[in-house]
Amino acid sequence: MRTERAVGATAIALVVSVVIQNVVLASGAPTYSDPMTQVLTFHSEHRGLVTLAVGLEALNVPLLLGFVTGLHGLVTRRGRSGLGGSRLAVAAAATASSAFVLYAVLWMGVVLSARDLTAPTDTLEVIWRMHAAAFGFALAALGATFAGAAWAASASGLTRGWQRALGLFGGGLMLVAGVASGAVAQGSSIIFVGVAGLAAWLVWLLVTGIRLVRVRAIGRSGHPVAVLSKA
């Protein structure tokens, strides 16, 4: 399998994993603005679902790192255009991965704390609020990843211009949510700004992944050259 196709397949796999994770939690998962009684009830009654979602987060992290490092390799092979954005994406993805690990661990802490409770406690609320804040910080780092990757891919000719614009806009939305992590931890609806940026990230990943998977090779002076499909 060509490198381009491997990177594209990784991007698509990441999208699928994140979508499944959100579908699993679609059955009444509480938002950060919901009362703690609702948070406790959901995590007490859906321990298996949350455990599955946390497990998928463990899959998302290597997929994210694999994609950005693979993209960095493609950008490097095409010259120096976009190299700065690619380096930013790799560094930001490493930071985002750490934040998502913290987010997942704290989420599991909510499940374990809720197991034997009949009413919310201060400890449960603190863990839940820290979980929310970790999500905000993770979005900020993922926003930088998105912007850097979109810029690098476009500058290197791997994607179209509108995808770069989508990356800068969507990445900016996630950065806004990250800056407001304190408000997110208190249940502010500004989190939905970041979620909109996350949706843009998934769209960009899917389109980019399909584009890279459909790459074809031609020969030029005896050397194979990757050419992106115009479709």
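**Notebook: contacts and burial in a predicted model**

I began with contacts along the chain: among those with a separation of 6 or more, 75% join residues 24 or more positions apart. I note here that the model is predicted.

**Entry 1. Overall layout**

I counted the secondary structure elements and got 8 helices and 2 strands. Read along the sequence, they run α-α-α-α-α-α-α-α-β-β. I then looked up the radius of gyration, which is 19 Å, close to the 17 Å that the globule rule gives for 231 residues, so the protein is as compact as a globular protein of that length. The C-alpha trace spans about 75 × 30 × 25 Å along its principal axes.

**Entry 2. Surface and charge**

I looked up burial for the whole protein: 49% of the 231 residues count as buried. The accessible surface is about 10,500 Å², and carbon and sulfur atoms hold 66% of it. For charge, I found 16 positive and 7 negative side chains. The centres of these two sets are 31 Å apart.

**Entry 3. The nonpolar core**

Which residues touch the most other members of the largest nonpolar core? I found Phe67, Trp201 and Trp204, in a core of 62 residues. At least two core residues come from each of helix 1 (3-24), helix 2 (36-45), helix 3 (47-77), helix 4 (83-114), helix 5 (122-155), helix 6 (161-179) and helix 8 (191-213). Helix 5 gives the largest share, 15 residues.

I followed Phe67 further. Leaving out residues up to four places away in sequence, Phe67 touches Val7, Thr10, Ala11, Trp201, Trp204 and Leu205. Two of the residues on that list, Trp201 and Trp204, are also named with Phe67 for touching the most other core members.

**Entry 4. Serine 17**

I checked Ser17, which is in helix 1. Is Ser17 buried or exposed? Its relative accessibility is 4%, so Ser17 counts as buried, the cut-off for buried being under 20%. Beyond four places in sequence, Ser17 touches Leu56, Leu59, Asn60 and Leu63.

**Entry 5. Helix 4: serine 97 and alanine 93**

I took two residues of helix 4 together, Ser97 and Ala93. Ser97 has a relative accessible area of 5% and is therefore buried. Ala93 is buried as well, with a relative accessible area of 0%.

I then listed their contacts, again without neighbours within four places in sequence. Ser97 is in contact with Val61, Leu64 and Leu65. Ala93 is in contact with Leu64, Leu65, Val68 and Thr145. Leu64 and Leu65 thus appear in both lists.

I also looked up a separation for Ala93. Its C-alpha atom is 29 Å from that of Arg47, which is 46 residues away along the chain.

**Entry 6. Serine 181 and alanine 133**

I moved on to Ser181, placed in helix 7 (residues 181-185). At 3% relative accessibility, Ser181 counts as buried. What does Ser181 touch, not counting residues up to four places away in sequence? I found Ala133, Gly136 and Phe137. The C-alpha atoms of Ser181 and Leu139 are separated by 9.3 Å, with their positions 42 residues apart along the chain.

I looked at the contact from the other side. Ala133 is in helix 5 and touches Ser181 and Ala185, residues up to four places away not being counted. With 18% relative accessibility, Ala133 counts as buried, because the cut-off is under 20%. The C-alpha atoms of Ala133 and Ala183 are 8.3 Å apart, and the two residues are 50 apart along the chain.

**Entry 7. Glycine 187**

Where is Gly187? I found Gly187 in the loop between helix 7 and helix 8. At 15% relative accessibility, Gly187 counts as buried. Apart from residues up to four places away in sequence, Gly187 touches Tyr32, Ser33 and Arg129. I also looked up Gly187 and Val75, which are 112 residues apart along the chain. Their C-alpha atoms are separated by 39 Å.

Methods
Residues are numbered from 1 along each chain as its sequence is written. This is a predicted model: local features need pLDDT of at least 70, side-chain atom pairs count only at pLDDT 80 or more; totals for chains, interfaces and linings use all residues. Side-chain values use heavy atoms; hydrogens and water are left out. Helices (H or I, at least four residues) and strands (E, at least two) are DSSP runs, numbered from the N terminus. The radius of gyration is taken over C-alpha atoms; the globule rule is 2.2 Å times the number of residues to the power 0.38. Buried means under 20% relative accessible area, exposed over 50%, partly exposed in between (1.4 Å probe, protein chains only). Contact means heavy atoms within 4.5 Å. Accessible areas come from the Shrake-Rupley method with a 1.4 Å probe; for residues, only the protein chains shown count as cover. Lys and Arg count as positive and Asp and Glu as negative; His and the chain ends are not counted. The place of a charge is taken as NZ of Lys, CZ of Arg, CG of Asp or CD of Glu. A nonpolar core is a set of buried Ala, Val, Leu, Ile, Met, Phe, Trp, Tyr and Cys residues joined through side-chain atoms within 4.5 Å.
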